[in-house]
Amino acid sequence: MRGEPTDLRSAIAGPEPVLALPVHPGMSAGAPDAGHGQVAHGTTVIAVKCIDGVINVGDRRATASYSVMYDQAEKVLALDDFTLLAISGSYARSIEVVRYLRHAFRYFERSQLQPMSLDGKLSEVARAVAAGLPMAMQGLGGFIPILSTWDPAAGEPRIFFYDAMGARFESAEYGAAGSGSVQIRGAFEYVVRTKSPFRRMPRADALREALRLLDIAADLDAATGGWAKVLPLARVITADGIQDVGEAELRSAVAGLGQGEATFVADRG
Amino acid sequence: MMLSPYDFNEAINQRRDHAEEGLRQGSPVAGLSLDLGVLLITVRRTQRKVYEVYDRMMLSAVGNQSDIEAVRIGAVDVAHREGYQRSPDDVTAQRLVGFSLSPVLKELFRDQWRAPAVVRAVFAEMGQLPADDAFFTLNYDGEFVRSSRCAAVAGTPEAEALMAEELAAVPSDASLGDAVRAGLLAWAGAWQAVTSDPGGRGQAPGAPAGSADAVGTLAEQLKDGRVEVGLLDRASRRESRFRRLGEEELTDVVAPLRRGSGE
C-alpha cells in the first residue's frame, strides 16, 4: 500500500499544521543593535470600563527607536465580534499575532462547531505573548496586549492584561499597556478614587477620562503620539458587539478636554 | 491481479451504485444567489446540515455523515491555512474544490482497496458583487459543476433538475422570506421525486412549486423535520458573513408551511 493517509480529512488537508503561531526567524542571531533596530515599540493603549461596556483608546504613533515610522497605526484590533485586543510592543509582531488569533478563533469555531470559550481565548493570547519573550529579551520587541471583551455569561464587560511572560490578570476597572502606561498608572487610581469608578461612568465621561489619560501619556512619553495630526482610535464593546467611536463623538470628546493655549515661558537668563 | 477493461468498468459501476444508493435518501439542498446574499436551504432531522467554511463560503451536503464531516473539516483546514498564510482573498471555492477536494475524491473513488466517500456537496460562495457569487456542486467521484444563480443537490439527477428549474425562477430581488419559501417548496418537489422513485431509475414527475402536492409533502416532512437555512449576508459588515437561521427566525415563513397552507 502507498504511504498515503488513509483518512479523507488528512488526504485533503495534507500533513502541515493548519495554523502555527508565528516565530520570527533569526531569533538566536545575537542581540541586535537596539538603537538602530527596525522595530517599532513605544505606545500607549488604554481600556476602561463604563456603564454599558468597555472603551479602548490608543494613540496612532508607531516608532522605531527615535523615529516616528507611522502616524496612523491602529492599535485597537478586533479579534472577534465581542473581543478587542489593544496592542503594545513590536508592531510587526503584534499585527502578526492578531492575524493568527483571528484565524485561530474562527478556525476553532468553524471546525469544532462551537465558539471558543473565553478562557480558551485568553490562553491562546497568553501563549502568543510567551512565544514572543525570547525576542523581547533580545531587544527585538515582544508584545504585550490588553484584552477587552463582553462576557455574555456574566452579562458584563471584562478586561484582562498580561505581563511579558504571558501571565494573565483581570482588572475590575481599567488596563493600560505600552511605554506611556507606566507614567499614567497613578492617574487611573486618582480618577477612580476622586471621581468615580470607571464602570459606573456614562460612556461619554469614561471616554473623556480615557482620552485625558492618553493625552497625559503623550505629554510624558516620547513614543506616545498626541492628536495634533491624527485623532486617536477609540472603540467600544457593549452587549451588542463592537462599535467604532465615530469622528463627531471623538472630536467633541477631545474638544471637551479643554486644553488651553500653550504657556509662554520667558527666558530669564 | 490483472484487470481487464470489462472488470474495470464493472468495478466502477459497482462503486457508483454503492454511492448513489447511499445518497438517494438524503434531504435535498437548495442554493440561491440573491441581492440580499447567498442562501442554502434545507430540511434536517437530527444532524445539522449547513456549515460555515470560511468568511464568505458555506457548505451543505447529502451523504454519509462521517464522509460529509471529513470533506467539511478538510475544506475548513485548507481554507484556514491558505487564508492565514496568504490572505482571505486567496480562499476561493474554485481553488478549494478544484485543487484540494476534487482530486482526492476522484482518487478515492477509483481506489479499489478503499470505500468511496458517499457524499454530494454544494459549496456556496459570495463574491464582491452578486454576479461573482458561485456554487460548486461536488460529487463523490470528484466531478464538480459550477453554477451562479442557483444550485441543487438531491438524491437523484431528476430531482436535482426539477429543483434547479424551480429555483431559477426565483427573482434576484426576492425577500428572505419569499426566497426561503420558494426554496422549501423546491425542496419538497425534489423530495417527492426522490421518494416516488425509490429505484432512482425512473422518470417520476415532481410536483410544480406551490401545488397542493408540494405543500402537502412539505407539511408532512416538517412534522419531524426542521428548516435550516445558511445565509451569507451581503449587507453585513462583519468579515464572517455566515449566519445560520433556525426556525425561530423564520417563523413567519415556516409556520404557515407547517400548517400545510400554501399562502
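Three exercises on a predicted model follow, each with a worked solution.

**Exercise 1. The side of chain A that touches chain B**

Find how many residues of chain A are in contact with chain B, and which helix gives the most.

*Solution.*
- Start with the count: 17 residues of chain A contact 22 residues of chain B.
- Next, look for helices in chain A. H1 (8–13) and H2 (91–112) each supply at least two residues to the side that touches chain B.
- H2(A) gives the most, with seven residues.
- Finally, sort this side of chain A by class: eight residues are nonpolar, two polar and seven charged.

**Exercise 2. Val78(B)**

Decide whether Val78(B) is buried or exposed, and list its contacts beyond four places in sequence.

*Solution.*
- Place the residue: Val78(B) sits in helix H2 (residues 65–85) of chain B.
- Count its surroundings. Val78(B) has 22 other C-beta atoms within 10 Å.
- Apply the cut-off: 20 or more means buried. Val78(B) is therefore buried.
- Set aside neighbours within four places in sequence. Val78(B) then contacts Ile12(A) and Ala13(A) in chain A, and Leu96(B) and Ser100(B) in chain B.

**Exercise 3. Two helices of chain B**

Describe how helix H5 (residues 176–195) and helix H7 (residues 251–258) of chain B pack.

*Solution.*
- Two packed helices are described by the angle between their axes and the distance between the axes.
- For H5(B) and H7(B), the angle is about 35 degrees and the axes are 9 Å apart.
- Add the handedness: H5(B) crosses H7(B) in a right-handed sense.
- Name the residues. From H5(B) come Gly177(B), Val180(B), Arg181(B) and Leu184(B); they meet Asp252(B), Val253(B) and Leu257(B) of H7(B).
- Sort them by class: this contact has four nonpolar, one polar and two charged residues.

Note on methods:
Residues numbered from 1 in each chain as written. Chains lettered and ligands numbered in written order. Predicted model: local features only at pLDDT ≥ 70, side-chain atom pairs only at ≥ 80, totals over all residues. Contact = placed C-beta atoms within 7 Å. Helix = DSSP H or I, 4+ residues; strand = E, 2+ residues; numbered from the N terminus. Nonpolar A, V, L, I, M, F, W, Y, C, P; charged D, E, K, R; others polar. Buried ≥ 20, exposed ≤ 12 C-beta atoms within 10 Å, placed from the backbone. Axes fitted to C-alpha atoms, helices over the stretch in contact; angles between N-to-C directions. Left-handed = near helix turned anticlockwise from the far one by under 90°.
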